[in-house]
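Biologist: Please take a close look at a single part of this model, the way its strands are paired. Then place what surrounds that part, one piece after another.

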Amino acid sequence: MTTKAIFTYHDSFDVMDRVLDTESPPADDRERVEWLIKHLGEVFCKRVGIYRIPEDLVLSVVIPVYNERETIREILRHVRAVPIQKQIILVDDYSTDGTRDILKRLETEEPDLVIAYHDRNQGKGAALRTGFAKATGQIVIVQDADMEYDPAQYPQLIEPIIEGKADVVYGSRFIGEKHRVLYFWHSLANKFLTLLSNTFTNLNLTDMEVCYKVFRREVIQGITLKSDRFGFEPEVTAKVARFRMPAIEGRPARRCRVYEMPVSYNGRDYREGKKIGWKDGVQALYCIVRYALAD
Ligand SMILES: Nc1nc2c(ncn2[C@@H]2O[C@H](COP(=O)(O)OP(=O)(O)OP(=O)(O)O)[C@@H](O)[C@H]2O)c(=O)[nH]1
Ligand SMILES: [Mg+2]
């Protein structure tokens, strides 16, 4: 089994080398997918996130932004590069470092962006609430404005929803993708918060605090969120666990089906702009218990 997988992998590069000698891949995204599937095979392509995405699919990417002038343009470039139709929603949470001016400029340079401005700083949770309300795509993903997570992973992240297997997908930094080795105590705190959240939700997540959370739009717009700051992560997790998908077309109402996907993580340290601290950990603890017991 393993030998076959390795063989297929190397084979694929041989085939690519030979094919690339004679033809170049089409520039159009859809044609390129067909071309790659034809030459590399469906199984291999699927493993690396190349598959046929329905033509009418729109992915709403919600980006909460607070003092991210160093990374905002770059993250947008990476989001745009993903070959999926997207609605990009940026919510500025009253930045004071010049990010606002960049966004104002972007408004005229890239008029398809949806940009909202808070008139006072409220926190990531509040910024996301504003963004979710504006989403119109069938699938909604959260994207932080720093460069810790890689938008190139969207195709893999949304695949379980497109295939009709999942209603919600969480990324996970702890199940086998490459990640920057950083603070031991932070990772321990993360694991503890996930464990505590799991004991209340009965979900077996491995990374409750991960940024990459993907939802069918009706799920995220069907949940009422209250946390303004980083309490968003435990709150949304508790509410997803309780959420019931309404009955449609003869299918009875049911609980949300949650999937996890490994994601790579290029964490930053405090000198590079890391903002989250021990107070946010305490807040998360409080929110796990609060949203387990009451709404
Ligand atoms: N820290 C912070 N981030 C906010 C706020 N409002 C919106 N955000 C955005 O929320 C996202 C997550 O914030 P981060 O500070 O990166 O939080 P994190 O990734 O959990 O933690 P570190 O990057 O490790 O500090 C970023 O895109 C921020 O710009 C806010 O009031 N405070
Ligand atoms: Mg971050």
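Modeller: Two strands are taken as paired if DSSP finds at least two bridges between them. The model is a predicted one, and local features are described where pLDDT is at least 70.

On that basis, 7 strands form an open sheet in the order 3-2-1-4-6-5-9, and the pairing in it is mixed. Strand 3 (114-117) and strand 9 (258-262) are the edge strands, each pairing on one side only. From one strand to the next, the twist averages 20 degrees. In general, the strands of a sheet pair through backbone hydrogen bonds, in either the parallel or the antiparallel sense.

I start with strand 1 and strand 2. These two run parallel and are joined by 7 bridges. Within this pair, Val 61 has Ile 88 of strand 2 as its bridge partner. Strand 2 covers residues 86-92, and of its 7 residues 5 are buried, so that it is mostly covered by the criterion of 20 or more other C-beta atoms within 10 Å.

Helix 6 lies across this part of the sheet, over strand 1, strand 2, strand 3 and strand 4 (139-142). Its direction makes an angle of about 150 degrees with strand 1. Helix 6 (124-134) and strand 1 (59-65) also share a role around the ligand: each supplies at least two residues of the shell around ligand 1. That shell holds 18 residues, and those that come nearest are Tyr 66, Asp 93, Lys 124, Ala 145 and Ile 276. Sorted by class, 9 residues of the shell are charged, 7 are nonpolar and 2 are polar.

The loop between strand 2 and helix 5 (99-109) contains Tyr 94. The backbone there has a positive phi of about 65 degrees, although Tyr 94 is not a glycine. Tyr 94 counts as partly exposed because its C-beta neighbours inside 10 Å number 16, and partly exposed residues fall between the limit of 12 or fewer for exposed and 20 or more for buried.

Next comes the other end of the strand order, with strand 5, strand 6 and strand 9. Strand 5 (residues 168-172) pairs with strand 6 (residues 213-216) over 3 bridges, in the antiparallel sense. Across this pair, Tyr 170 has Lys 213 as its bridge partner, and Val 168 stands opposite Phe 215. With strand 9, strand 5 runs parallel, and 5 bridges join the two. Gly 171 stands opposite Met 261 there. Strand 5 thus takes part in an antiparallel pairing and a parallel one.

How many residues of strand 5 are buried? The count is 5 of its 5 residues. The burial applies to both faces: Val 168, Tyr 170 and Ser 172 lie on one side, Val 169 and Gly 171 on the other, and all are buried.

One residue that packs by the start of strand 5 is Val 219, which belongs to helix 9 (residues 217-220). Apart from neighbours within four places in sequence, Val 219 is in contact with Asp 167, Val 168, Val 240, Phe 243 and Cys 256. Val 219 counts as buried because it has 21 C-beta neighbours inside 10 Å. Cys 256, one of its contacts, is 37 residues away along the chain, and the two C-alpha atoms are separated by 8.2 Å.

Glu 249 sits in the loop between strand 7 (244-245) and strand 8 (254-255). Its phi is positive, about 40 degrees, and Glu 249 is not a glycine. Glu 249 is exposed because it has 4 other C-beta atoms within 10 Å.

It remains to set the sheet within the chain. The domain assignment gives domain 1 (1-52) and domain 2 (59-293), and over C-alpha atoms the centres of these domains are separated by 31 Å. Phe 44, in helix 3 (residues 42-47), serves as a point of reference outside the sheet. From C-alpha to C-alpha, Phe 44 is 25 Å from Ile 139, and the two are 95 residues apart in sequence. Phe 44 is partly exposed because 18 other C-beta atoms lie within 10 Å.

Technical notes: Residues are numbered from 1 along each chain as its sequence is written. Chains are lettered from A and ligands numbered from 1 in the order in which they are written. This is a predicted model: local features need pLDDT of at least 70, side-chain atom pairs count only at pLDDT 80 or more; totals for chains, interfaces and linings use all residues. A residue is near a molecule or strand if its C-beta atom, placed from the backbone, lies within 6 Å of it. Helices (H or I, at least four residues) and strands (E, at least two) are DSSP runs, numbered from the N terminus. Ala, Val, Leu, Ile, Met, Phe, Trp, Tyr, Cys and Pro count as nonpolar, Asp, Glu, Lys and Arg as charged, and the others, Gly among them, as polar. Domain bounds come from an automatic or database domain assignment. Axes are lines fitted to C-alpha atoms, for helices over the stretch in contact, and angles run from 0 to 180 degrees between N-to-C directions. Two residues are in contact if their C-beta atoms, placed from the backbone, lie within 7 Å.
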